[in-house]
Amino acid sequence: MTVSNLVSTAHLHSVTIATAESCTGGLVSAALTDVPGSSAVFSHGYVTYSNSAKTEMLGVSVKTLADFGAVSPEVAAEMALGALRNSGATIAVSISGIAGPGGSDHKPEGRVCFGLAVTDQKTITKTLEFGALGRQNVREAACNQALALLHDAVHEMNTPLRK
């Protein structure tokens, strides 16, 4: 999977992309915009590092944050849906995690939650435990996973069903 392939496939099928990033701090948006021609498919990039940014920019529920915490599938889903709704894009990916150092027994360093929202489809979430790889390595792994989720979703959206 290359980011260039993701961008060209999205462009070919008129798919637009939005991101909602927390622990990656814009790495996914940067990876997408590193590709020439990405302006045809990249719509919005929300960097919502704080809980208040998540609620103000993406409409994440204060109750969801209080009940589950920022690093949770529930918040990741709301982040992706908020990015999709606010941007008007076709697909949105969200990332929220604990890059480190630190963490807790309940939410360890290296835990990252992803959300993927696609127009007229059920939002999916995925949680990965990258482990205590170090802050930069967790952020890069999370970025790569988010790009892979986008890549797979864009290709699935445009693959004819086989009989």
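**Exercise 1. Place Gln 145: which helix holds it, is it buried or exposed, and what does it touch?**

Step 1. Gln 145 sits in helix 6, which covers residues 135–157. Helices here are DSSP runs of H or I with at least four residues, strands are runs of E with at least two, and both are numbered from the N terminus.

Step 2. A quick word on ground rules: this is a predicted model, where local features need pLDDT of at least 70, side-chain atom pairs count only at pLDDT 80 or more, and totals for chains, interfaces and linings use all residues. Residues are numbered from 1 along each chain as its sequence is written, and side-chain values use heavy atoms, with hydrogens and water left out.

Step 3. With a relative accessible area of 16%, Gln 145 is buried. The cut-offs are under 20% for buried, over 50% for exposed and in between for partly exposed, with a 1.4 Å probe and protein chains only.

Step 4. Skip neighbours within four places in sequence, and Gln 145 is in contact with Phe 114, Lys 126, Leu 128 and Phe 130. Contact means heavy atoms within 4.5 Å.

**Exercise 2. Work out how helix 6 is built and what covers its buried residues.**

Step 1. Helix 6 has 23 residues and runs 33 Å from its first C-alpha to its last, close to the 33 Å expected at 1.5 Å a residue. That expected span is 1.5 Å times one less than the number of residues.

Step 2. List the buried residues: among them are Val 138, Ala 142, Cys 143, Gln 145, Ala 146, Leu 149, Leu 150 and Ala 153. An α-helix has 3.6 residues a turn, so residues three or four places apart point the same way.

Step 3. Now look for the cover. It includes helix 1 (3–12), strand 1 (17–21), helix 2 (27–33), strand 3 (91–97), strand 4 (111–118) and strand 5 (124–129).

**Exercise 3. Which residues touch the most other members of the largest nonpolar core, and which element gives the largest share?**

Step 1. Fix the term: a nonpolar core is a set of buried Ala, Val, Leu, Ile, Met, Phe, Trp, Tyr and Cys residues joined through side-chain atoms within 4.5 Å.

Step 2. The largest one has 30 residues, and Val 28, Leu 32, Ile 91, Ile 95, Leu 147 and Leu 150 touch the most other members. At least two residues of this core come from each of helix 1, helix 2, strand 3, strand 4 and helix 6. Helix 6 gives the largest share, nine residues.

Step 3. Zoom in on Ile 95. Not counting residues up to four places away in sequence, Ile 95 touches a set including Val 28, Met 79, Cys 113, Ala 142 and Ala 146.

Step 4. Another core, of 15 residues, lies apart from the largest one; Ala 20, Val 60, Leu 65 and Ala 70 are among its members.

**Exercise 4. How many disulfides does the structure hold, and why is Cys 23 not bonded to Cys 113?**

Step 1. The count is zero, where a disulfide is a pair of cysteine sulfur atoms within 2.5 Å.

Step 2. For Cys 23, the closest cysteine sulfur belongs to Cys 113 and is 9.2 Å away, so the gap is too far for a bond.

Step 3. Try Cys 143: its nearest cysteine sulfur, that of Cys 23, is 10.0 Å away, and Cys 143 is in no disulfide.

Step 4. Check the burial too: Cys 23 is buried at 4% relative accessibility, and Cys 143 is buried at 8%.

**Exercise 5. Find the volume of the largest pocket and the element that gives most to its lining.**

Step 1. On a 1 Å grid over the protein atoms alone, a pocket is an open set of points where a 1.4 Å probe fits, with protein on both sides within 12 Å along at least five of seven lines; lining residues have an atom within 4 Å of a point.

Step 2. The largest pocket holds about 210 Å³. Its lining includes Leu 116, Val 118, Leu 149, Asp 152 and Met 157.

Step 3. Strand 4 and helix 6 each supply at least two lining residues, and the largest share, five residues, comes from helix 6.

**Exercise 6. Where are the backbone oddities Pro 101, Ser 14 and Asp 120 found?**

Step 1. Gly 100 and Pro 101 are joined by a cis peptide bond, with omega about -5 degrees. Pro 101 is in the loop between strand 3 and strand 4.

Step 2. Ser 14 is not a glycine, yet has a positive phi of about 55 degrees. Ser 14 lies in the loop between helix 1 and strand 1 and is exposed at 63%.

Step 3. Asp 120 has a positive phi as well, near 65 degrees. Asp 120 is in the loop between strand 4 and strand 5, exposed at 79%.

Key: Points joined across faces, edges and corners; volume = space filled by probe spheres on them.
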